[in-house]
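Me: Please take a close look at any enclosed space inside this protein, and say what surrounds it. Then work outwards from there to the rest of the chain.

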Amino acid sequence: MGNEFGHPEWIDFPRVDSLNPSTGAMVPGNGGSMEKCRRRWDLAEDEELKFKFMMAYDRAFNHLDKAHGFVSAPHTYISRKDEQDKVIVVERGDLVMVFNFHPSNSYTDYQIGCQTGAEWKVALSSDEAVFGGYKNISKDSDTTMYAEDGMFDGRPHSLKVYAPSRTVVVYAPAGTTDKDSDVSSIGIPGLSVRGTGPNYSV
């Protein structure tokens, strides 16, 4: 869990009164209070609540970065920001991430641009059951998508994907995925990575 994302109450760390260096205005503190200075880790351990799904997704996403190193990868490109469809497509390292923020529209054969003309598979889907999803798109289907040549969204290749509403799906080169990896001794539930991944880092 982050400081506020998914948290049921706001978090306020101890602060004293201070001056805003830009405006010179006084910014009131909270008197050094520790009252709201706590994270509710217990929420993810309560089986009656859905916070466990957020914690599972956070764990899988962090392990995806361990395997692919996309956070520190030099290649970053946003190929689509579609306000009407509510879709964002981002390339980070060797991954393509498709965010569909639309509250009700799912898109079939949704064309997205990509840098590499390769075979692609789902590495991580927020719609997995282990994350509280409906498995409308899942690594378990082991579907291979083939990139087509030709410019699309400023990229030299493109893919047609399924983008269910309110999901994020991360696609990886097919050779770096393994749909059964999450049942191995080093596997992370909901994550499809072959071995420790192509760019494993501790």
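Reply: A cavity here is a set of grid points where a 1.4 Å probe fits but cannot get out, and a residue lines the cavity if it has an atom within 4 Å of such a point. The model is predicted. It holds 1 cavity of 30 Å³ or more, and the space in the largest cavity comes to about 40 Å³. The lining is made up of His75, Glu91, Gly93, Asp94, Leu95, Val96, Gln115, Thr116 and Trp120. By class, these residues divide into 3 nonpolar, 4 polar and 2 charged. Leu95, Val96 and Trp120 count as nonpolar and Glu91 and Asp94 as charged, while Gly93 is among the polar ones, because glycine is put in that class.

The lining can be placed on the secondary structure. Glu91 belongs to strand S4 (87–92). Leu95 and Val96 belong to strand S5 (95–100), and Trp120 belongs to strand S7 (119–125).

Strands S5 and S7 also meet a helix. The buried residues of H2 pack against both of these strands, as well as against helix H1 (42–45) and strand S11 (167–173). The buried residues in question are Phe51, Tyr57, Ala60, Leu64, Ala67 and His68. H2 itself covers residues 51–68, and its 18 residues reach 26 Å from the first C-alpha to the last, close to the 26 Å expected at 1.5 Å a residue. After H2 comes Gly69, with a positive phi near 60°.

H2 leads on to an open space. His63, which falls within residues 51–68 of H2, is one of the residues nearest the centre of the second largest pocket, together with Ile186, Ile188, Gly195 and Thr196. That pocket has about 250 Å³ of space and a lining of 14 residues, which by class are 6 nonpolar, 7 polar and 1 charged. Gly197 is found in the segment after S11. Its C-alpha is 9.6 Å from that of His63, although 134 residues separate the two in sequence. Gly197 has a relative accessibility of 18% and therefore counts as buried, the cut-off being under 20%.

Going back to S5, the loop that joins this strand to strand S6 (107–114) contains His102. His102 counts as buried because its relative accessible area is 12%. Residues up to four places away in sequence aside, His102 touches Gln84, Asp85, Lys86, Tyr107, Ser165 and Arg166. Of these partners, Lys86 sits in the loop between strand S3 (76–82) and S4. Lys86 has a positive phi, near 65°, in a residue other than glycine. Its relative accessibility is 32%, so Lys86 counts as partly exposed. A positive phi in a residue other than glycine is also found at Asp153, where the value is near 50°. Asp153 lies in the loop between strand S9 (148–152) and strand S10 (155–163), and it counts as partly exposed because its relative accessible area is 26%.

The cysteines can be taken next. Cys114, within S6 (107–114), has a relative accessible area of 0% and so is buried. Cys37 is partly exposed, because its relative accessibility is 22%. Cys37 belongs to the loop between strand S2 (26–27) and H1. Apart from neighbours within four places in sequence, Cys37 has contacts with Asp12, Phe13 and Pro14. The C-alpha of Cys37 is also 5.7 Å from that of Ile11, a residue 26 positions away along the chain. A search of the whole structure finds 0 disulfides.

Last, the chain as a whole. It has 2 helices and 11 strands, which follow one another as β-β-α-α-β-β-β-β-β-β-β-β-β. Of its 202 residues, 37% are buried. Among contacts with a separation of 6 or more, 60% join residues 24 or more positions apart. The C-alpha atoms occupy a box of roughly 60 × 40 × 35 Å along the principal axes.

Technical notes. Residues are numbered from 1 along each chain as its sequence is written. This is a predicted model: local features need pLDDT of at least 70, side-chain atom pairs count only at pLDDT 80 or more; totals for chains, interfaces and linings use all residues. Side-chain values use heavy atoms; hydrogens and water are left out. On a 1 Å grid over the protein atoms alone, a cavity is a set of points where a 1.4 Å probe fits but cannot get out, and a pocket is an open set with protein on both sides within 12 Å along at least five of seven lines; lining residues have an atom within 4 Å of a point. Grid points are joined across faces, edges and corners, and a volume is the space filled by probe spheres set on the points. Helices (H or I, at least four residues) and strands (E, at least two) are DSSP runs, numbered from the N terminus. The expected span of a helix is 1.5 Å times one less than its number of residues. Buried means under 20% relative accessible area, exposed over 50%, partly exposed in between (1.4 Å probe, protein chains only). Contact means heavy atoms within 4.5 Å. A disulfide is a pair of cysteine sulfur atoms within 2.5 Å.
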